[in-house]
Amino acid sequence: MSKIIKILLFLALSLMAEESQISILNENINRLDATLKGNIWLIKYANYNTYQNLLLELEQAQNQLKNMDKSTQNYEETSSRVASLKEQIELLKEYERSPFQNMLAVPDVEEEYKITNPIAIIGGFSYIKRLKGQKAEYYSRLAQLEVAIDILSKKQNLLQEIYDLNKTTPNYANLVEINRTLSEFNIAKEIATTTFGVYQTRLDETISRATDSLTSQIKETLTIFLTILIVILIGFLLKFTAKKYLSDNQRFYTINKFINVINFTIIIFILLFAYIENVSYIVTILGFASAGLAIAMKDMFMSLLGWSVIIFGGTFHVGDRIRVRYQNSDYVGDIIDISLLRMTIYEDITLTTYKINRRSGRIIFIPNNYIFTELIANYTHSGMKTVWDGIDIMLSYDSNHKKAMHIIKNIARKYSKGYTDIAKQQMNKLRDQYNIKNTNVEPRIFSFFEPYGINISVWYMNNSYGTLALRSTISAEIIEALNAENDIKIAYPTQTLFMGRHFGKIENRQLEFNKENLD
């Protein structure tokens, strides 16, 4: 009896130990399942199993539906269930053939990005970053697959131990299921490893070519940048040298503008030859296009030609006072800028604005091509700072005109002496450039017989930039001096009225003369 009790006790203890060991193994399995939670491969595989189960359920429901009476309530419930299963199956359509079809598919390698200019460098960095990101993403998938296989292998060993301890049908089913799952994952790993190897090779080749192209473009850009920087520095050096050795601000301004244009042109050619692949092709195109452009943009090309004539000919400089005649209108002002297409002048108060325009202070733009078609007078050419100016005074016939001429000439000589001395020096310099016969710059005075009196015209040297000031001073002095003389009368339009009927022929003629003079 005691032996039987011992045997039963042994069996009970063995059974309890076995149950305890199975419980520990199940806890380990649960921990492994928790580790696999969120693994994309396990999720895909679970969806695949769900899809297969839904297909079986749909097949069973459709078989049941065939054997049911359509008028029964069960028929309607089964029909609804069949429709629901079809909708779920449609949502999981991607798992029809394989659980890892989308996971194993590699994306197409993007078309190689061409880096041919500095702006494309930024795009090149983004392109390489995207390729590396795709590679890292696929590598991450592969790493998750290896982790899943490692955990499933551990789970398989645990289930095998459970089955060895308790060979029941559920334990056997679990072992078969884990073996099938592990087999699917191993097959997927082989495919993924092979696919990733090919994909990685293609990506590495593309990334290598893009990196080489990017490096080459960066070097080329730096070379071009340094070349342009050297050109700019040379320009600054030339400007500094010109400023150091040229005391004439106007000539320095012209040279400064010329250096800027040359620098800009050189930089444009550097960029064209650097980034145009077929230079001969673009030259041919420009050759054919130049004929049409020359016709369509004639004025612009003529302005460019005019600019070159102005710059290299030295006809006009910034600061010169000029007069431009356009459509019977005169504009007088100082040149404040000479660009490729036009000269800009600031209109000053001059005799022209006083008598004709009655407006001043305007900024006037003159196309450079006007030097070929319109009359442009330069009051300060070749350093000339003076210009001839004249004042006319009408005297009556009975005035002592010789005395008046002497007074007027002395006044003109007195107030224009400084400008006369300046003009003498400038005329001597100007004779070195031009064949000038008459270099006399002393004040000149003339008298002319006019219908209503004797016109005294005095001419003197005046400031090219401010003729009105000296003209006003001399005019006031002349009037004051002539009014002080009893035998000199300034003629001006008058009207004489004779009251009575009987006048001689002389008086009637005098009345007609005065009326005509008044008109």
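This dialogue walks through the helices, cores, strands and salt bridges of one predicted protein model.

Reader: What should I know about the model and its overall make-up before I look at single residues, and how many helices and strands are there?

Author: This is a predicted model, in which local features need pLDDT of at least 70 and side-chain atom pairs count only at pLDDT 80 or more, while totals for chains, interfaces and linings use all residues. Residues are numbered from 1 along each chain as its sequence is written, and side-chain values use heavy atoms, with hydrogens and water left out. Helices (DSSP runs of H or I, at least four residues) and strands (runs of E, at least two) are numbered from the N terminus, and the protein has 14 helices and eight strands. With contact taken as heavy atoms within 4.5 Å, 70% of the contacts between residues at least 6 apart in sequence join residues at least 24 apart.

Reader: How is burial defined, and what share of the residues is buried?

Author: A residue is buried under 20% relative accessible area, exposed over 50%, and partly exposed in between, using a 1.4 Å probe and protein chains only. By that rule, buried residues make up 31% of the 519 residues in the protein.

Reader: How do I read a nonpolar core, and which residues of the largest one touch the most other members?

Author: In soluble globular proteins, nonpolar side chains tend to be buried together. A nonpolar core is a set of buried Ala, Val, Leu, Ile, Met, Phe, Trp, Tyr and Cys residues joined through side-chain atoms within 4.5 Å. The largest one here has 53 residues, of which Trp41, Phe100, Leu145 and Phe185 touch the most other members. At least two residues of this core come from each of helix 1 (2-36), helix 2 (40-66), helix 3 (73-91), helix 4 (101-104), helix 5 (119-165) and helix 6, and helix 5 gives the most, with 16 residues. Leaving aside neighbours within four places in sequence, tryptophan 41 is in contact with several residues, among them Phe100, Arg141, Leu145 and Phe185. A second, separate core of 19 residues includes Ile407, Ile456, Ile474 and Ile478.

Reader: Which residues make a nonpolar patch on the surface?

Author: Patches are made of residues with over 30% relative accessible area and no salt bridge, where like charges are joined within 9 Å and nonpolar side chains (Val, Leu, Ile, Met, Phe, Trp, Tyr) within 5 Å. The areas come from the Shrake-Rupley method with a 1.4 Å probe, and for residues only the protein chains shown count as cover. In this structure Phe225, Leu226, Leu229, Ile232, Leu233 and Phe236 make a nonpolar patch of about 570 Å², and leucine 233 lies in helix 6 (residues 169-245).

Reader: How do I read strand pairing, and which strands join strand 2?

Author: Two strands pair if DSSP finds at least two bridges between them. Strand 1 (residues 321-326) and strand 2 pair in the antiparallel sense over six bridges, with valine 332 in strand 2 as the bridge partner of arginine 323. Strand 2 also runs antiparallel to strand 3 (residues 342-347), joined by five bridges, and these two strands form a hairpin with three residues between them. Seven of the ten residues of strand 2 (residues 329-338) are buried, so strand 2 is largely enclosed by the rest of the structure. Further along, ten bridges join strand 6 to strand 8 (residues 453-463), again antiparallel, and methionine 461 in strand 8 is the bridge partner of tryptophan 388.

Reader: What counts as a salt bridge, and how many does the search find?

Author: A salt bridge is a side-chain nitrogen of Lys or Arg within 4 Å of a carboxyl oxygen of Asp or Glu, and a search of the whole structure finds 14 of them. In one of them, aspartate 204 is bridged to lysine 135, the closest N and O atoms being 2.9 Å apart. Aspartate 204 lies in helix 6 and lysine 135 in helix 5, so the pair ties together parts that are 69 residues apart in sequence.

Reader: Is the acidic partner in the bridge of aspartate 330 with arginine 325 buried or exposed?

Author: The side chains of aspartate 330 and arginine 325 meet at 3.0 Å, N to O; aspartate 330 is buried, with a relative accessible area of 9%, whereas arginine 325 is partly exposed at 35%.
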